[in-house]
Structures are given as C-alpha cells and as structure tokens.
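Colleague: I am new to this structure and would love a close look at one part of it. Could you walk me through the salt bridges, and show me where they sit?

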Amino acid sequence: MRRGLVLLPYAVGIAVALALPRVMYPVLALDILLWGLFAMSVDLLLGYVGLLSFGHAAFWGLGAYAAAIAAKSADIPFALAAILGAGASALLAVPFGYLATRRRGIYFAMVTLAFAQLVFYVANEWRDLTGGENGLHGVPRTFPGLSLGRSADFYYAALPLITLGYFLAYRIVHSPFGHVLVAIRDNEPRAQALGYATWRYKVLAFVLSGGLAGLAGGLFALGNGFASLDLLHWTTSGQAVLITILGGIGTLWGSLLGAVIVLELRDALTSAPEASGVVTGAVFVVIVLAFRRGLWATGRDALRRFAAPPVSARIDISGGEVRHGRS
Amino acid sequence: MKKTLAGALAVLLLTAACGGGTGAGPSGGTVKLSDGKLVIAVINDQSGVYADLSGKNAVEAVKMAVEDFKAKYGENALGGSVEVLTADHQNKADVAQQKAQEFYERNNADLILDVPTSSAALAIADVAKTEKKLYINVTAATTDLTGKSCNKYTFHYAYDTYMLAQGTGITVTQQGGKSWYIIYPNYAFGQDMEKSFRQAVTAAGGNVVQSDGSPFPNTTGDFSSLLLKAGQLKPQVLGAMQAGGDLVNVVKQYNEFKLKDQNIKLAVGLLFDTDITAVGQDALAGTVYTTPWLWSMDEQSKAFADKFLKRTNIRPTFAHAANYSAAWQYMEAIRRAGSDDADAVVKQLEGYKFNDFFIRNGFVRPEDHWVQHDALIAQVKPKSEAKEAFDYSKVVSTIAADKASRPLSEAGCSMPK
C-alpha cells in the first residue's frame, strides 16, 4: 500500500509527460521539459550546494552548439549528438568549476557570470564555427529506424533521454554524495571537520550540473533545428535562475513547474506585446510574495496539512527534497 | 478612380495573358483555397528596438493591403475569408521559430511576412522549407536568405546589405569621398556591411583607410574612441554601419565632436525614417543613404502614405510599405495561380515582372528568390526645407534594379527544385 503511494506521483508524472503534446503545442511541450531540466541543473547547485550560478547559459549554449555542430557535420543519431553536447559542457565545467567554487555567495555568481560572458564572446567571434549572430541553422535530427520530421515525433523520441536527465538529477540528490552536498550547504566548516574534502565535492557537483544543462541544451538545439547566440546570453542564465526560484529552490520538481509558468506566459504574451512586461512582472511579484518558498514547496506543504497532518511527514510525496534540519 | 480602372484593366490583361500564354492555372480569376480561407501571419518585433520601424504598424499595413485588395477585386476576390495573424518574436530566434511552426501547423498560415533580426529570419526560413509553406522576408537584411540558406519557399523583398553598400558606397565615392573610415557594430550584420562597403568603395576607385568594430550590443552608447580616431585619421567620409539606437548615438556624438566642420562627411549604412525622428532632422541633414523607397518620392507613394497616416498617425517607413506591397503581390499571385497551394504560388512568383507603388522594375529572380527592383539614393534635408512633418529626405538618384542586386554568381544559392 505505502509503496504504491510512493510510486503514484511518478506514474502521474509519466502519464502527464506522455499526454502533454496532445493538449499543448508539441514544440512548446518539449521546450518546457528542457527548460525544466536546465533549471533543475541550476537548482542542483543553488538548492543543494547553496551556490547561485549566474552563468549556466554557458553550459546550455555550449551543449546546444556542440550537438548542432556534431549533427550537422556527421550524420549521427540525435541521441548521440545530445550526449556529445552534455559531454562538452561537463568538460567545460571542469576548469570553470575548479576556479569558481573557490568563492561563495555573490563572488561565485560574479565569477560564473564572467565565464559565461567569455563563452558568449568566443561564440560571437568564432563565426566560421558558430555562425556568429546568425547562429547555426538547419540542424538535422535523425535516428535509425525513426522518422522525426514532426515535432511530436521528436518529443516522444527525446522523452527517454530527458527522463534519464531527471533521473540523474534525482539520483544525485538522493545519493550519499547528495547528502554530503547538503551538509556542505548547511555548514561547510562542519563538513570539513567531518573529513570531507568539500571543495572536491563542489567541483564534482558543478560538473554534473553543467553536464545536465548541456544535455538539455543539446536536445533544445536538435528539437528546434538551430543554435543561436541567444542561448549563451546572460539573460538565459537569468531565466533559468528565475524558473528555479518560482518553482522553489531545493525541490528539483519545482523547476518543471516554474518552466511551465514562464514558458506558457511567454507564449501567451507573444500575441499581446503591449502587456508583456507588465503581466510578466506582476505574475512574478505575486508568486514571490504569496509563495515564499516557491510554488512547489508551498503547494506541497499546503497539501500535506490538508491531507493527513500527523503521518504525512513520513510519505514524501514530492519524492524530491532532501529534508535536513537547518537549525 | 481613373488610375484604379487602368490598374484593374492592366491586371486583367496580365491575368489573361498569363493564363493564355502558359496554359497554367484557370484564367478567369476564380480562386480555390485549400481550407476555405487565407491566413497571413506577420511575425516581428513589437516591444523592442525594431518595434518602431516595422512592429504593429507593419501589421496594420498588411491589413490595409487585404482591405484594399478586396475593395479592388470584390469581397470574394480570393474565394474565401482572409485572416491576418501576428506575433511578437521579441527578437529571439527560438520564439520566432516556434511561432512560425505554430502558425503554419496549427493555424494553417499560408504566408509569413516581415521578421526583422537576421537570426530569427533564418530560423523561419528553415521552418518554411520543412513545412513547404511560403515566407517572404522584408525587414531582415542578411544576404544569406538568398545565399547559402536559400530555399524554394523563401523570398527576400525590399532590401539587403548588398543593395545598401552598392548604393551608398559607390555614390559617395564617386561624388568625391575617396578615403573612408568605416565603423561597424561587431556582429553578423555589421561585418556583412563592412565587407560589402569595402568592396563597393574600392570598386568605385576609393580607399578604405581603416575600419573598426564597435562592441555589440553597446550598452553604454559610447562611441567616442572611434570618433576621436576619425578626427585623427581625417578621412573624407565616415561610414557608420550602426543601426537603430546605436546609429542615433553615433550621429549625436559625430555632431558633438564637430567632425562635419573638419570636412569629414557622414555616410550611414541603414537609415529608417523612425531613426530620423529620434535624432532630429537637422542633426542628420546632408547625410546620404540608400533606401528602397521614400514615401515622398512620387504621387502614388504619397497616396499610400496619406492613407497610412490617417490610420496610424505616422508616415510609413519603407518596411511598412514593403509589407503592404509583399502581401499585395502574394494575393495577386494566388489569383494567377487560382489556388493558395504553396508550390503553385511559388511557380507564379518565380520570374514574375511587376511594378507597384513600392517596387519599380520588379523581377523575382527564380534562381535565388531575391526580388530585385530599383533602389534610391536619398539625402536628408535640413528642417527648413521640410514642407510638413515627416518630410525628411529627398531623392538624389536612382540605382537600376540589376545594379542594386547581388550578381547571381556571388549568391552561392543552390535552389532545391
């Protein structure tokens, strides 16, 4: 009985993911899942290590460019191209993480932003490879035995890979490694005193996070058929952080919810441009004020109080958050 | 009235001639729409830096074209209703691409129009290619649309970087501006412009002393280091390739540094009427530039501009006029084809020769889908010479259509059949 209850949210999640392209536009549905994964990678650092990265566009963009270039130059299956993108981003995250994790707080954010800007300018100048401002277009997506012409087809083909990404994020958070990360977040000197080489943990978390962002970015480029300079722009980093905060920091699944809201809003407002700034701003202000801990966390707590006050604490229906006392 | 009659007669004759001559399509002008209605979607920037030069008023222009078309040929001119959709792409390529896909797939759009920002335009060209639906680009300047990214369903209307360079680069050099200092925004558009201008100036017997890129986006709006350098280099011409807001800053600082008094002439790459409104006419007075069209160039253009003014309270930029004209020519092509089927319309457009208030000596090149036509060299007048509001420029000379178009040998387009 209890096991069934634990699995229920996942079954619902999978059912929703499968039905999504039928109820909304498949391209938008794919974007929501990918931005969700991207924001999750930000949340992995922000929510579980306490590091606010303001330069994740570098990994999302590099993943996109690497996958696009691979798919364009060699006729490889899209899944391989996406994994190549993830690999490239994880590789880039090694030196960046190595340097950036020596700082905390605002300084960490500044350093990551600076690195991302570096990547942006390299991509802008290296026109032969990246197409500069025009970007790379006509990125093919193929997989032996599948026809991926329609966007709904690609959505279903990419779904296993995206799910794998979510699963990885979930596993990282729920592993002993993830628990050490939370310990570092809560009190780094104490974790050090316990014998953990905290800096190494932080670098590894940074690399894993970069790789996930790269996977999402790679699939984004393949799904949309192009990689452009926007993907590397600092506002892209900002949007990922925004999605994480709206959904709820340190909840993982909140990032998905945040992505639904941000992207749906953006889509709806393309036909009402005069209202876009005001409406977006107002919605964000309301969410931040009314849902202090993000939509997911606040919603879950409300549900718990409503459903079964005393015992519910044992059944973590979010399945996402590591709850450690922050006394 | 007389003009409308004559026009209608000419079109009738033409339709008859086409129908009779090639035997393709019904000649009577009865149109059968595939889904009972025609859908035209305008995707552009309605909230950012390009919102003024095209934006919402470009949508109005397209709506005007539809209304005028019905007024001319009757309510049932196209065999069904005509719907105009629009979306703000916020100058983001991914938003543009998604909207295009959605319009084609979900709203059954038959045509997408406008689309400033070259990365967005190129993204939509890709969608048009895979969806096999039409896209007529108006406001993006990149020659890639008719070059390495060309495809069967994409057309390029109005202007491109080649036209601008041929016009301004050659004319100014021939008028005695032999030595040039070029400053350009350091991204694809600016670099294209720098390359094209360098070629044009050199071909006309001039000499580019030096060229420098300015950071893009230039958030501080500071171009003083480049302008000080211009003061030291003392070229005869300062060629500014910046566009929109950046151009406005360059011009203001050009005036502050009093470069005009040192006999350094200003030539700009791309100038919209809305930029002149922003800087002030006198600050730009004397500037020579290339444009595909001016609202004040002749009577039929003024007639359009008057109608446009009544509707939007501004005079049209060439982007507004071009959107009207492109929509109009598309609907004409449907009447000739007798159907809104994309392949049939493409067939009617390719190789088509035409004139309207915007396009003179027009010809749709079948090889790369560049719509070639005459371009104008214009000069900004001082405010004292302006007869009314928005009367900014006068025509200096006309560049013949073939001179204003990139030679096919340089296009590098291999059109898939």
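Modeller: Happy to! Over all chains, a search of the whole structure finds 26 salt bridges. Please keep in mind that this is a predicted model.

Let us begin inside chain A. A:Glu188 pairs with A:Arg104, and their closest N and O atoms are 3.0 Å apart. This pair links distant parts of the chain, with the two positions 84 residues apart in numbering: A:Glu188 belongs to helix H9 (residues 188-193) of chain A, while A:Arg104 lies in the loop between helix H4 (78-100) and H5. The two partners also differ in how they are covered. A:Glu188 counts as buried because its relative accessible area is 12%, under the 20% limit. A:Arg104 has a relative accessible area of 33%, so it is partly exposed.

Another pair in chain A is A:Asp186 with A:Arg185, whose side chains meet in a salt bridge at 3.1 Å, N to O. Here A:Arg185 is the buried partner, because its relative accessible area is 19%. A:Asp186 is partly exposed, since its value is 24%.

A further salt bridge joins the side chains of A:Arg300 and A:Asp301, at 3.5 Å from N to O. In this case A:Arg300 and A:Asp301 are both buried.

Now let us turn to where chain A meets chain B. Two salt bridges are found across this interface. One salt bridge there brings together the side chains of A:Asp267 and B:Lys99, at 3.3 Å, N to O. A:Asp267 and B:Lys99 also belong to a network of salt bridges that takes in B:Glu102 and B:Arg106.

It helps to see the surroundings of that network. Between chain A and chain B there are ten residue pairs in polar contact, with both residues at pLDDT 80 or more. On the side of chain A that touches chain B, helix H2 (26-48), helix H5 (105-125), helix H10 (198-224) and helix H12 (253-269) each supply at least two residues. H2(A) gives the most to that side, with three residues. Taken as a whole, the contact involves 25 residues from chain A and 31 residues from chain B. The two chains bury about 2500 Å² between them, and 46% of that is on carbon and sulfur atoms.

So, to retrace the tour in chain A, you can start from the A:Glu188 and A:Arg104 pair, go on to A:Asp186 and A:Arg185, and then find A:Arg300 with A:Asp301. After that, follow A:Asp267 across to B:Lys99 in chain B.

Note on methods. Residues are numbered from 1 along each chain as its sequence is written. Chains are lettered from A and ligands numbered from 1 in the order in which they are written. This is a predicted model: local features need pLDDT of at least 70, side-chain atom pairs count only at pLDDT 80 or more; totals for chains, interfaces and linings use all residues. Side-chain values use heavy atoms; hydrogens and water are left out. Contact means heavy atoms within 4.5 Å. Buried area is the accessible area (1.4 Å probe) that two parts lose on being put together, summed over both. A salt bridge is a side-chain nitrogen of Lys or Arg within 4 Å of a carboxyl oxygen of Asp or Glu. A polar contact is a pair of N or O atoms within 3.5 Å; within protein, one must be able to donate a hydrogen and the other to accept it, and residues adjacent in sequence count only if both atoms are side-chain atoms. Helices (H or I, at least four residues) and strands (E, at least two) are DSSP runs, numbered from the N terminus. Buried means under 20% relative accessible area, exposed over 50%, partly exposed in between (1.4 Å probe, protein chains only).
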